[in-house]
Amino acid sequence: MVVLNRIYTRTGDTGTTALAAGGRRPKHDLRIEAYGTVDETNACIGLVRLHTAGHEIDAMLGRIQNDLFDLGADLATVETGKPLPYEPLRITQAQVDRLEQEIDRLNSELSVLRSFVLPGGTPAAAALHLARTICRRAERHVVELTEKPDEKVSPEAVKYLNRLSDFLFVASRYVNDKGALDVLWVPGQNR
């Protein structure tokens, strides 16, 4: 259970932040950048939801926001090989599978793409595209973190971000009247 009765602690005033299982890292550390960008993705999805209230996508986005907190906790809890006094929260394959099922369901109702889609159409779609690009940045940070020999990241964390960006793309088309309002790229149109 999380208890936040005091928001500021002054412990970060020197440019470091605490990890979930202990220890401190500089605020510019790649792990901090990774879960910070996951948090940024979550905040953008919160903005998306201002445009999806009452839409079936909204419940999916609510679940995703909760998953993103799980992912942040996963990334903030460094695997050291030492036992913790609690079970660390980790992204699971079931969360990845749920995203895949939701992608497949939404995508089954969309027309086939004949060009790349430009961000736009409806406000919800444009905001979903922004969330997608932030998610891709988070994924790049997490993948870079996996390449560091002294850092461990679960494969499910990487998979989740990869599927999430796909979900956000498909959802953007879905809220664009199932693709009818998509703004398509026209190669060389302005030459």
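This report describes the annotated regions, nonpolar core, salt bridges and surface features of a predicted model.

**Annotated regions**

Two spans carry annotations from an unreviewed UniProt entry. The record assigns "domain: Cobalamin adenosyltransferase-like" to residues 7-175. In the model, residues 7-175 are 59% helix and 5% strand, and the C-alpha atoms at the two ends of this span are 36 Å apart. The record also places the feature "coiled-coil region" at residues 89-116. In the model, residues 89-116 are 54% helix and 0% strand, with 37 Å between the end C-alpha atoms.

**The nonpolar core**

As a general background, nonpolar side chains in soluble globular proteins tend to be buried together. The largest nonpolar core of this model has 45 residues. Within that core, the residues that touch the most other members are Leu61, Ile64, Leu71, Tyr160, Leu164, Phe167 and Leu168. Two or more core residues come from each of α1 (30-48), α2 (56-76), α3 (93-107), α4 (123-146) and α5 (155-175).

Leucine 61 gives a closer view of the packing. With neighbours within four places in sequence set aside, leucine 61 is in contact with Ile45, Val48, Arg49, Thr52, Leu128, Phe167 and Leu168. Two of these partners, Phe167 and Leu168, are also named among the core residues that touch the most other members.

A charged residue also touches Phe167. Glutamate 102 lies in helix α3 and is buried, with a relative accessible area of 9%. Its value falls under the 20% limit for a buried residue. Apart from residues up to four places away in sequence, glutamate 102 touches Met60, Arg63 and Phe167.

**Salt bridges**

Side chains of opposite charge can pair when their charged atoms come close. The model contains 17 salt bridges under the distance rule applied here. Three of them are listed below.

| Salt bridge | N to O distance | Location |
|---|---|---|
| Arginine 137 and glutamate 40 | 3.1 Å | helix α4 and helix α1 |
| Lysine 178 and glutamate 109 | 2.6 Å | loop between α5 and β4, and loop between α3 and β3 (117-118) |
| Glutamate 139 and arginine 136 | 2.9 Å | both in helix α4 |

The side chains of arginine 137 and glutamate 40 meet at 3.1 Å, N to O. Because arginine 137 belongs to helix α4 and glutamate 40 to helix α1, this pair ties together parts that are 97 residues apart in sequence. Arginine 137 is partly exposed at 26% relative accessibility, and glutamate 40 is partly exposed at 35%.

The salt bridge between lysine 178 and glutamate 109 has an N to O distance of 2.6 Å. Lysine 178 sits in the loop between α5 and β4 and glutamate 109 in the loop between α3 and β3, so the pair ties together parts that are 69 residues apart in sequence. Lysine 178 is partly exposed, with a relative accessible area of 36%, and glutamate 109 is partly exposed at 33%.

The third pair, glutamate 139 and arginine 136, lies within one element. Both residues belong to helix α4 and are 3 residues apart, about one turn of the helix. Glutamate 139 counts as buried at 11% relative accessibility, whereas arginine 136 counts as partly exposed at 28%. Elsewhere, salt bridges with shared partners join Arg25, Asp29, Arg31 and Glu151 into one network.

**The loop between α5 and β4**

Lysine 178 also has a backbone feature to note. Its phi is near 55°, a positive value in a residue other than glycine. Aspartate 177, which is not a glycine either, has a positive phi of about 55°. Aspartate 177 is found in the loop between α5 and β4, as is lysine 178.

**A nonpolar surface patch**

On the surface, Phe116, Leu118, Val183 and Trp185 form a nonpolar patch. Together these four residues have about 390 Å² of accessible area. One member, valine 183, is found in strand β4 (residues 183-184). Valine 183 is partly exposed, with a relative accessible area of 35%; this value is over the 30% limit that patch members must pass.

Notes
Residues numbered from 1 in each chain as written. Predicted model: local features only at pLDDT ≥ 70, side-chain atom pairs only at ≥ 80, totals over all residues. Heavy atoms only, no water. Patch = residues over 30% accessible without salt bridge, like charges linked within 9 Å, V, L, I, M, F, W, Y side chains within 5 Å. Areas by Shrake-Rupley, 256 points an atom, 1.4 Å probe, with all protein chains shown as cover. Helix = DSSP H or I, 4+ residues; strand = E, 2+ residues; numbered from the N terminus. Buried < 20%, exposed > 50% of the residue type's maximum accessible area, 1.4 Å probe, protein only. UniProt positions renumbered as here; feature names shortened; annotations may be inferred. Core = buried A, V, L, I, M, F, W, Y, C linked by side-chain atoms within 4.5 Å. Contact = heavy atoms within 4.5 Å.
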